[in-house]
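Here is a short, friendly tour for anyone about to load these coordinates. Have the viewer open and follow along.

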Amino acid sequence: MVISIFGLGYVGCVSLGCLAKNGHQVIGVDVSEHKVDLINKGIPTILEKDIDVIIKEGHDKGLIAATLCACEAVHNSELSIICVGTPSSPQGHLNLSFIYNTAEQIGEALKSKDDFHTVVIRSTVLPGTNKRFGEIIEEKSSKKRGEHFSVVSNPEFLREGSAVKDYYHPSVTVIGGDHDGAIQKVVSIYSCLDAPIEVTDVKIAEVIKYVNNSYHALKIAFANEVGNVCKSLSIDSHKVMELFCKDTRLNISPAYFKPGFAYGGSCLPKDLKGFVTLGHDNYIQTPILGCIDNSNEHQKKMAYELVAKTGKRNVCFIGLSFKEGTDDLRYSPSVDLAETLIGKGYHVTIYDENVRLSKLIGANKAFINERLPHLSELITDDLETAIRNNDVIVINHRNFDAGPHNELLKDKHAVIDLVRVKELECLPNYEGLCW
């Protein structure tokens, strides 16, 4: 395939070399005459392990060239990859001017091109950029997206110092688009790599890089805070984190990575608070660890606001314990939500198949007696009647079997899902907490 690459910086140069190594004819495009001259001499524009050898080999085989002329590159290729910079302002906003300037250049070039052209945005951009990029091409070319061209989002996950290795050994290749032919053309570029290819929605492809890097930053800062606390206690923090990483069932795994309601129970709130206090007692600041509880409380507030905006006062809770399969009510976010609603004058009915007042004992009983002393007047074992007699239904347990109750639920004013029960999403009155 003949591919043009706009932007000969870090991502563009690596893509140029690796695509040529895979046998593609590649044309680099840049506004910098110096960068174009370097590529045309077989010299990379960046310092990176192995890239000098790859660029020279591709150039010597006649697979690599570069130009200042966008029109020439578009006319002589069937696919363009956008790798131009998206620098950040001091306030955190992205400067997308280079991206949109490139869209204008491609649009101008497509005015006089008959063949279908595929554009691939590799640069890190905000959700909605793909859509605007296509609109600019349409404005400049007078051609229609989906008929004469398509724009595909394909974020890069290259790390400086190991970019060539990362290119050939990605964990996953993400492709977002709205044109099957264009998507398959992009898929074909990566079919030689030993990695899964995930075709997804455009906006998901646009946002995933931000999610990834925000989490990577969080991991570094989290480990540093753990290290600071451990050092103050003369504990080997590296040994601690080595042990932490050995748990691939919970710690380093998909566990807990499902957007939903707040955490609760007898362990997480207590142990987090204990560790933060441990740092405080040793004069160690833990700003990230210290903010986790605030974030958790905010999630409870968001759930309350979803109920409040319905304007209805009769609310049925399905699930009161902190998670399904247990009767543990200690620090359950549902107890907090119920307590808040009752305090504001709502009528609350509660159904939880595992909670039996006669069987509550010890700390569990003491907790609920303090927080919801009139629970016996609120709780019911008749789910159908509870749904029928209330306007707003709040779901807090994933094991809720929606099927037998769908007809009742669809007539309610609102069904608010805090845990994402898929079967509920078809209801016209459905709203998820953070999806």
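At its relative accessibility, does Phe244 count as buried, partly exposed or exposed? Its relative accessibility is 28%, so Phe244 counts as partly exposed. Keep in mind that this is a predicted model. The notes below begin with the aromatic rings, then turn to one helix and a set of strands.

**Aromatic pairs**

- The model holds 5 aromatic pairs.
- One of them joins Tyr167 and Tyr190, a tilted pair with 6.4 Å from centre to centre and 45 degrees between the planes.
- Tyr167 belongs to helix 7 (residues 163–168) and Tyr190 to helix 8 (residues 180–190), so this pair links distant parts of the chain, 23 residues apart.
- Both Tyr167 and Tyr190 are buried.
- Phe222 and Phe244 make a pair with ring centres 6.1 Å apart and planes at 45 degrees, so it is tilted.
- Because Phe222 sits in helix 9 (residues 202–232) and Phe244 in helix 10 (residues 237–245), the pair ties together parts that are 22 residues apart in sequence.
- Phe222, at 26% relative accessibility, counts as partly exposed.
- Tyr168 joins Tyr167 and Tyr190 in one aromatic cluster.

**A charge over a ring**

- Arg313 lies over the face of Tyr346, and the distance to the ring centre is 4.0 Å.

**Helix 13 and its surroundings**

- Helix 13 spans residues 333–343, and its buried residues are Pro333, Ser334, Val335, Asp336, Leu337, Ala338 and Leu341.
- The cover over these buried residues includes helix 12 (287–308) and helix 14 (362–371), along with strand 9 (314–318) and strand 10 (347–351).
- Gly345, just after helix 13, has a positive phi of about 90 degrees.

**Strand 13 and its partners**

- In a regular strand, side chains alternate between the two faces of the sheet.
- Strand 13 (residues 414–417) has Ala414 and Ile416 pointing one way and Val415 and Asp417 the other way.
- Ala414, Val415, Ile416 and Asp417 are all buried.
- Strand 12 (residues 392–395) runs parallel to strand 13, and 4 bridges join them.
- Val394 has Ile416 of strand 13 as its bridge partner.
- Strand 14 (residues 430–432) also pairs with strand 13 in the parallel sense, over 3 bridges.
- In that pairing, Gly432 of strand 14 stands opposite Asp417.

How values were computed: Residues numbered from 1 in each chain as written. Predicted model: local features only at pLDDT ≥ 70, side-chain atom pairs only at ≥ 80, totals over all residues. Heavy atoms only, no water. Buried < 20%, exposed > 50% of the residue type's maximum accessible area, 1.4 Å probe, protein only. Helix = DSSP H or I, 4+ residues; strand = E, 2+ residues; numbered from the N terminus. Pairing = 2+ DSSP bridges. Phe/Tyr/Trp six-rings, centres within 6.5 Å; stacked < 30°, edge-to-face > 60°. Lys NZ or Arg CZ within 6 Å of the ring centre and 35° of its normal. Contact = heavy atoms within 4.5 Å.
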